[in-house]
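The following paragraphs go through one chain, from its overall layout to a single residue. Please keep the sequence and the coordinates at hand while reading.

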Amino acid sequence: MKSKLGECPICGSKKIERHIGPLKVQISKGKFIKTPDVEHEKCESCGETITDYEAEKVIDESLAQTHYRKAA
Ligand SMILES: [Zn+2]
């Protein structure tokens, strides 16, 4: 898919593409969670994953669920 951003905010490369898939998010030292499918952009040059507001909402949601499970 074509990128909305056009270039990587980290390295300035134009080799970024939009992807849909789960993201691995670090929640604490050495601890990661996998989110549901999220639309995000990935830079082919530096490997940076770029998330927008919609993606952040999905990530926040899965973080909240993780904390809920932990408390229960
Ligand atoms: Zn980059």
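In this predicted model, the chain has five strands and one helix. Their order along the sequence is β-β-β-β-β-α. Along the principal axes, the C-alpha atoms occupy a box of roughly 45 × 25 × 15 Å. The chain is 72 residues long, and 11% of these residues count as buried. Among contacts with a separation of 6 or more, 43% come from residues 24 or more positions apart.

Three of the strands make up an open sheet, with antiparallel pairing and the order β1-β4-β5. The edges are taken by β1 (16-21) and β5 (49-50); each has a single partner strand, so one side of each has no neighbour in the sheet. The pairing of β1 with β4, which spans residues 38-43, is antiparallel and consists of six bridges. One position to look at here is Ile20, whose bridge partner in β4 is Glu39.

The next pair to examine is β2 and β3. Strand β2 covers residues 24-28 and strand β3 residues 31-34; the two run antiparallel and are joined by four bridges. Ser28 of β2 has Lys31 as its bridge partner in β3. Together the two strands form a hairpin, with two residues between them. In the turn of this hairpin, Gly30 has a positive phi of about 75 degrees. How many of the five residues of β2 are buried? The count is zero, and the strand is hardly covered.

After β3 the path leads to a loop. Thr35 lies in this loop, between β3 and β4. Is Thr35 buried or exposed? The cut-off for a buried residue is 20 or more other C-beta atoms within 10 Å of its own. Thr35 has 21 other C-beta atoms within 10 Å, and therefore it is buried.

Which residues are in contact with Thr35, once its neighbours within four places in sequence are left aside? On the N-terminal side of Thr35 in the numbering, they are Pro22, Leu23 and Val25. Further contacts of Thr35 are with Val58, Ile59 and Ser62. Val25 belongs to the range of β2, residues 24-28, so to speak of Thr35 is also to speak of a contact with that strand. For Ser62 a distance can be added: its C-alpha atom and that of Thr35 are separated by 6.0 Å, although the two residues are 27 residues apart along the chain.

Methods: Residues are numbered from 1 along each chain as its sequence is written. This is a predicted model: local features need pLDDT of at least 70, side-chain atom pairs count only at pLDDT 80 or more; totals for chains, interfaces and linings use all residues. Two strands pair if DSSP finds at least two bridges between them. A residue is buried if 20 or more other C-beta atoms lie within 10 Å of its own, exposed if 12 or fewer, and partly exposed in between; C-beta atoms are placed from the backbone. Two residues are in contact if their C-beta atoms, placed from the backbone, lie within 7 Å.
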